[in-house]
Amino acid sequence: MDGIIDNLTNAINTWNSKLAEIWLLLTESPETFKGGDIWKIIVKVHEGLQAIGLALLVLFFVWGLIRTCTSWQDVKRPEQAFKLFLRFIIARTLVLYGMELMTKIFEIVQGIIQSITETVGLGVSNETVIPQEIIDAVNNTGFLESIPLWAVTLLGSIFITILSFVMILTVYGRFFKLYMYTAISPIPLAAAGESTQNTAFTFIKSYAGVCLEGAIIVLSCIIFSAFAASPPVVDSTASSVSMVWSYIGELIFNMLVLVGTIKMSDRIIKEMMGL
């Protein structure tokens with residue numbers, strides 16, 4: 001009977017390890033992730049695209065000038081000339097110091113995440129464990145009765161393992177989006193001119209939304225930790241198969257809620273804040 005418990009234990013251990021890895025990812029900066037090697041590449045790409053961004057900035061400036069001013073007399077007006085010059089300076093500053101801006105946005109959101117974890121007094125998630133009643137019931141099961149238990153625990157273990165990897169892949173996807181936004185930022189930020197400003201504003205809001213996804217993921221993990229601290233109720237009067245089936249079913253349901261919330265974190269942020 002040890003094999004039945006081992007299958008379920010290995011799947012739950014995989015889940016616990018991926019959940020703990022999520023906590024580390026959410027509290028780690030992209031600059032220090034994997035020793036900072038990935039960040040160094042992102043910085044090089046960002047610096048290489050700055051020259052293109054500055055060239056596009058001039059192009060967008062000329063395009064905005066043509067669309068805004070109907071004649072040369074409009075450009076000669078002091079207020080109009082100052083407005084165009086100010087927008088050009090702001091756009092150039094965004095292109096040259098876009099990485100610093102995005103880093104500050106990320107640090108602000110990390111402060112929010114840290115505040116959430118400190119408020120509830122959590123630094124790591126509570127681990128999911130198999131109740132002793134389940135272990136005792138499986139150990140007291142005969143050979144014939146153990147056959148359906150093998151099927152139930154095997155299917156449950158496979159499903160839990162799949163959910164574990166779907167969850168961690170979603171969080172890694174959010175982490176890598178931060179890298180991609182930072183690397184390519186000089187291009188959309190160059191569009192901060194008069195007639196193309198929506199492109200730059202949309203980019204900044206979208207990046208802020210990706211950062212805030214971390215707060216939603218943290219809240220989801222905190223809620224699941226409360227579920228893990230109160231495991232599914234086990235009916236000790238039921239048969240061993242019914243006990244295991246009921247426990248795995250409720251456990252997988254709770255895990256599905258967490259994984260679904262994590263995968264919908266981007267949609268939740270867009271609906272809540274319009275980012």
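Here are some short exercises on this predicted model, each with a worked solution.

**Exercise 1. The overall build**

Task: Find how many helices and strands the chain has, and what share of its residues is buried.

Solution: Start with the secondary structure. The chain holds eleven helices and zero strands. Reading along the sequence then gives the pattern α-α-α-α-α-α-α-α-α-α-α. Next, turn to burial: of the 275 residues in the chain, 43% are buried.

**Exercise 2. The largest nonpolar core**

Task: Work out which residues have the most contacts inside the largest nonpolar core, and which helix gives the most to this core.

Solution: Begin with the core itself, which has 70 residues. Those with the most contacts inside it are Trp15, Leu19, Ile22, Ile160, Met167, Tyr207 and Tyr247. Now trace the core back to the helices. At least two residues each come from H1 (2–26), H2 (37–68), H4 (78–96), H5 (98–120), H6 (132–139), H7 (143–184), H9 (197–229) and H10 (240–263). Among these, H9 gives the most, with 14 residues.

One of the core residues, Tyr247, offers a follow-up step. Tyrosine 247 and proline 131 are 116 residues apart in sequence, yet their C-alpha atoms are 9.2 Å apart in space. Proline 131 sits in the loop between H5 and H6. With a relative accessibility of 12%, proline 131 falls under the 20% limit and therefore counts as buried.

**Exercise 3. An aromatic pair**

Task: Classify the ring pair of tryptophan 39 and tyrosine 179 as stacked, tilted or edge-to-face, and say which helices the two residues lie in.

Solution: It helps to recall how such pairs are described: by the distance of the ring centres and the angle of the planes. A search of the whole structure gives eight aromatic pairs. For tryptophan 39 and tyrosine 179, the ring centres are 6.4 Å apart and the planes stand at 50°. Pairing needs centres within 6.5 Å, and a stacked pair needs planes under 30 degrees apart, an edge-to-face pair over 60. The angle of 50° is therefore that of a tilted pair.

Now place the pair in the fold. Tryptophan 39 belongs to helix H2 and tyrosine 179 to helix H7, so the pair ties together parts 140 residues apart in sequence. Both tryptophan 39 and tyrosine 179 are buried. Finally, widen the view: ring pairs link Phe33, Trp39, Tyr172, Phe175, Phe176 and Tyr179 into a cluster.

**Exercise 4. Salt bridges within and between helices**

Task: Compare where the partners lie in three salt bridges: lysine 104 with glutamate 107, glutamate 271 with arginine 267, and glutamate 213 with lysine 177.

Solution: The total count is four salt bridges, and these three are among them.

1. In the bridge of lysine 104 and glutamate 107, the closest N and O atoms are 3.7 Å apart. Both residues lie in helix H5, three residues apart, about one turn of the helix. Lysine 104 is exposed at 53% relative accessible area, while glutamate 107 is partly exposed at 42%.
2. Glutamate 271 and arginine 267 meet at 3.1 Å, N to O. The two are four residues apart in helix H11 (residues 265–273), about one helical turn. Both glutamate 271 and arginine 267 are exposed.
3. Between glutamate 213 and lysine 177, the closest N and O atoms are 3.6 Å apart. Glutamate 213 lies in helix H9 and lysine 177 in helix H7, so this pair ties together parts 36 residues apart in sequence. Glutamate 213 is buried, at 6% relative accessible area, and lysine 177 is partly exposed, at 26%.

**Exercise 5. The surroundings of serine 206**

Task: Describe where serine 206 is found and which side chain it joins in a polar contact.

Solution: First locate serine 206, which is in helix H9. Its relative accessible area is 24%, which makes serine 206 partly exposed. Then look for its partner: a polar contact of 2.4 Å joins the side chains of serine 206 and tyrosine 181. Last, check a residue farther along the chain. Lysine 270 is 64 residues from serine 206 in sequence and 8.9 Å away in space, C-alpha to C-alpha.

**Exercise 6. A cavity and its lining**

Task: Find which residues line the second largest cavity, and which helices supply at least two of them.

Solution: The structure holds two cavities of 30 Å³ or more. The second largest has a volume of about 30 Å³. Its lining is made up of Leu101, Met102, Ile105, Leu189, Phe203, Ile204 and Tyr207. Sorting these by helix, H5 and H9 each supply at least two. Tyr207 also appears among the residues with the most contacts inside the largest nonpolar core.

Conventions. Residues are numbered from 1 along each chain as its sequence is written. This is a predicted model: local features need pLDDT of at least 70, side-chain atom pairs count only at pLDDT 80 or more; totals for chains, interfaces and linings use all residues. Side-chain values use heavy atoms; hydrogens and water are left out. A nonpolar core is a set of buried Ala, Val, Leu, Ile, Met, Phe, Trp, Tyr and Cys residues joined through side-chain atoms within 4.5 Å. Buried means under 20% relative accessible area, exposed over 50%, partly exposed in between (1.4 Å probe, protein chains only). Rings of Phe, Tyr and Trp (its six-membered ring) pair if their centres lie within 6.5 Å; planes under 30 degrees apart count as stacked, over 60 as edge-to-face and the rest as tilted. A polar contact is a pair of N or O atoms within 3.5 Å; within protein, one must be able to donate a hydrogen and the other to accept it, and residues adjacent in sequence count only if both atoms are side-chain atoms. A salt bridge is a side-chain nitrogen of Lys or Arg within 4 Å of a carboxyl oxygen of Asp or Glu. On a 1 Å grid over the protein atoms alone, a cavity is a set of points where a 1.4 Å probe fits but cannot get out, and a pocket is an open set with protein on both sides within 12 Å along at least five of seven lines; lining residues have an atom within 4 Å of a point. Grid points are joined across faces, edges and corners, and a volume is the space filled by probe spheres set on the points.
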